[in-house]
Amino acid sequence: MSEIKASMAGNMWKIVVKEGDKVEAGDDVAILESMKMEIPISTEQSGIIKEIKVREGDFINEGDVIAVIE
Amino acid sequence: MIKKILIANRGEIAARIIRTCKKMAIATVAIYSEADEFAPYVKMADEGYLIGPPRVNESYMNMEKIIQIAKEADVCAIHPGYGLLSENSEFARKCKEANIIFIGPSANIIEKMGDKITARKLMKPAGVPVIPGTEGAVKTVAEAKEAVKHIGYPVMLKASAGGGGVGLQTVSNEEELEKTFENNSKRAESLFGDGSMFIEKQLENARHIEVQVLADEHGNTVHLFERECSIQRRNQKVIEEAPATILSEKTRNLMGEVSVKAVKELGYTNAGTIEFLVDSEEQFYFLEMNTRIQVEHPITEEITGIDLIEQQINIASGKILDMNQSDIIHNGHAIEARIYAEDPKNFFPSPGKITQYEEPVEKYIRIESSVRNESNVTPFYDPMISKLIVTGESREEAILRLKEALGNYKIEGIKTNIPMLIRVVNHEQFKSGNTPTNFVQNFLADKKV
């Protein structure tokens, strides 16, 4: 099990996966909006999305856990 | 007479506007979000009002609240700066209804110029050359394919309602068109509530050159020459200069004349900028019109000696322009570099606390900044933290000074694009003035910063 964390602070603009989705390393999981730019957040590991910890519209700090992957 | 102005903006442009107001003995009101409580511009203003939480929709874009504060503070006028509500026709209309002068053109013209398709339709009969492209909004892939048959690849896809680089993409063949059209259209729909796209011919090796205009409410219109803004990343400007090196005096004057004529025909008032793409044969084509003060306005001020904010305020007060075209001359060369809080390699934002901040100081350096030592650069707003403007008698001198000034900035705690700016300024292609709008992109692909 591992965690996908936000690389910087910003607004959670879009979550592009659902719990139970199968993802490959490098796939986008969510898109963060920071300083008027959309920042894709991708997973470094392949696996199944076990849990999504944030909602669209949430404010995210650097290092916050976006999703848990298994 | 305008005696008191509310600045419906933040950061360096709010500070810049307050400075001119002070010079003109006009009282100033700043608004600030919770994230900007300690920002330098708030201290500079005579009065400051907290407007709301950090996010722009709850603060700087909250029209009702801004107008309510303007009434409470009893201001005569609102200066919208750039970005935020500056090109929002609804806001301009609401100001008028509240009997507050909106420092800018009429709501009607903001609305027309804000829609790229309408703007293009109006520019053509006003004698401004437009880039070959679709006459109306394109809604489906099939329509897009048909349109490109007449235009020819490569084409540029644009969201009809977009701006600021979102929704802009180059497409080189039919396969790419299918993919990008749907993606971008969906994205535009969710971002702007309008998924219609606009397609135009992608010009090869084009330059971005824009003309500054001023028009009063009595039919007097002048241009203040051009700015060259081809150094861009993510379709946003990074370095701008005036005058443009590639233009012959003949084309320079022609672009100015065409712009003045268009502004007159449109019935446009206040300061505005007509953006053009210019090809290697000095053919120029209308890109869009910005109905507000531009980020890069200082370079025009430096070469003409005219305070554009002062002109905006005077025009909004109903005064007659105090200059004729023949009074306006350009002297020397000015270059602006935008300092962004971002990673110089991939342009990703770099919010955080500035632990050390020192600016270069020389008589030929002008700095417009939104930060100082210990400032917190928040993720809520644009990443631009400082503008460096240098002047010189020649372009060569301005470049040397720019290089030195960039090296003398000390910004610690966050990443900035300064290393990338230094690489650009040292590049032979930049020195020779041969930089089409894809310069940064090609240069980075060629050699990582």
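**Reasoning about a two-chain model**

Colleague: What makes you say that strand β12 (residues 270-278) of chain B is largely enclosed by the rest of the structure?

Modeller: Eight of the nine residues of β12(B) are buried, so the strand counts as largely enclosed. A residue is called buried if 20 or more other C-beta atoms lie within 10 Å of its own. Bear in mind that this is a predicted model.

Colleague: How do you know that β12(B) pairs with strand β9 (residues 207-215) of chain B?

Modeller: Pairing requires at least two bridges between the strands. Nine bridges join β9(B) to β12(B), and the two run antiparallel. For one position, B:Leu214 has B:Ala271 in β12(B) as its bridge partner.

Colleague: What links β12(B) to strand β13 (residues 284-290) of chain B?

Modeller: Six bridges do, and these strands also run antiparallel. In this pair B:Thr273 stands opposite B:Asn290. The two strands form a hairpin with five residues between them, where B:Glu282 takes a positive phi near 65 degrees.

Colleague: Why are helix α4 (residues 89-97) and helix α5 (residues 107-114) of chain B called roughly antiparallel?

Modeller: They pack at an angle of about 175 degrees, with their axes 8 Å apart. Angles over 145 degrees count as roughly antiparallel, and α4(B) and α5(B) therefore earn that description.

Colleague: Which residues make up the contact of α4(B) with α5(B)?

Modeller: From α4(B) come B:Ser89, B:Ala92, B:Arg93 and B:Lys96, and from α5(B) come B:Ala107, B:Ile110, B:Glu111 and B:Gly114. By class, this contact has three nonpolar, two polar and three charged residues.

Colleague: What makes you say that the buried residues of α4(B) line one face of the helix?

Modeller: The buried residues are B:Ser89, B:Phe91, B:Ala92 and B:Cys95. Looking down the axis of α4(B), they fall within an arc of 160 degrees, so they line one face. B:Glu90 and B:Glu97 are exposed, on the face turned away from the buried side. The cut-off for an exposed residue is 12 or fewer other C-beta atoms within 10 Å.

Colleague: What do the buried residues of α4(B) pack against?

Modeller: They pack against α3 (63-72), β4 (77-79), β5 (101-102) and α5 of chain B. Just after α4(B), B:Asn99 takes a positive phi of about 65 degrees.

Colleague: How do you know that the buried residues of helix α6 (residues 116-123) of chain B line one face?

Modeller: B:Lys116, B:Ala119, B:Arg120 and B:Met123 are the buried residues of α6(B). Down the axis of α6(B) they fall within an arc of 100 degrees, so they line one face of the helix. The residues they pack against belong to α5, β6, β8, α9 (249-266) and β13 of chain B. In general, an α-helix has 3.6 residues a turn, so residues three or four places apart point the same way.

Colleague: Why are β7 (169-171) and β8 (197-201) of chain B called edge strands?

Modeller: The open sheet has three strands in the order β7-β6-β8 (chain B), with antiparallel pairing. β7(B) and β8(B) each pair on one side only, and that makes them the edge strands. The twist averages 30 degrees from one strand to the next. Three bridges join strand β6 (residues 155-159) of chain B to β7(B), against a requirement of at least two. In that pair B:Leu157 stands opposite B:Gln169.

Colleague: Which strands does helix α7 (residues 141-151) of chain B touch where it packs on the sheet?

Modeller: α7(B) touches β6 and β8 of chain B, and its direction makes about 20 degrees with that of β8(B). Angles under 35 degrees count as roughly parallel, so the term fits α7(B) and β8(B).

Colleague: What makes you call strand β2 (residues 27-33) of chain B mostly covered?

Modeller: Six of the seven residues of β2(B) are buried. Four bridges join strand β1 (residues 4-7) of chain B to β2(B), and these two run parallel. B:Ile7 stands opposite B:Ala30 in β2(B).

Colleague: Which are the edge strands in the open sheet of chain A with the order β5-β4-β2-β7?

Modeller: They are β5 (37-42) and β7 (59-60) of chain A, each of which pairs on one side only. The sheet has four strands with antiparallel pairing. Six bridges join strand β4 (residues 28-34) of chain A to β5(A), and A:Ala30 has A:Ile41 as its bridge partner there.

Colleague: How many residues does each chain bring to the contact?

Modeller: Chain A brings eight residues and chain B brings eight residues. On the side of chain A that touches chain B, five are nonpolar, two polar and one charged.

How values were computed. Residues numbered from 1 in each chain as written. Chains lettered and ligands numbered in written order. Predicted model: local features only at pLDDT ≥ 70, side-chain atom pairs only at ≥ 80, totals over all residues. Axes fitted to C-alpha atoms, helices over the stretch in contact; angles between N-to-C directions. Parallel < 35°, antiparallel > 145°, perpendicular 65-115°, else oblique. Contact = placed C-beta atoms within 7 Å. Nonpolar A, V, L, I, M, F, W, Y, C, P; charged D, E, K, R; others polar. Arc of directions from axis to C-beta.
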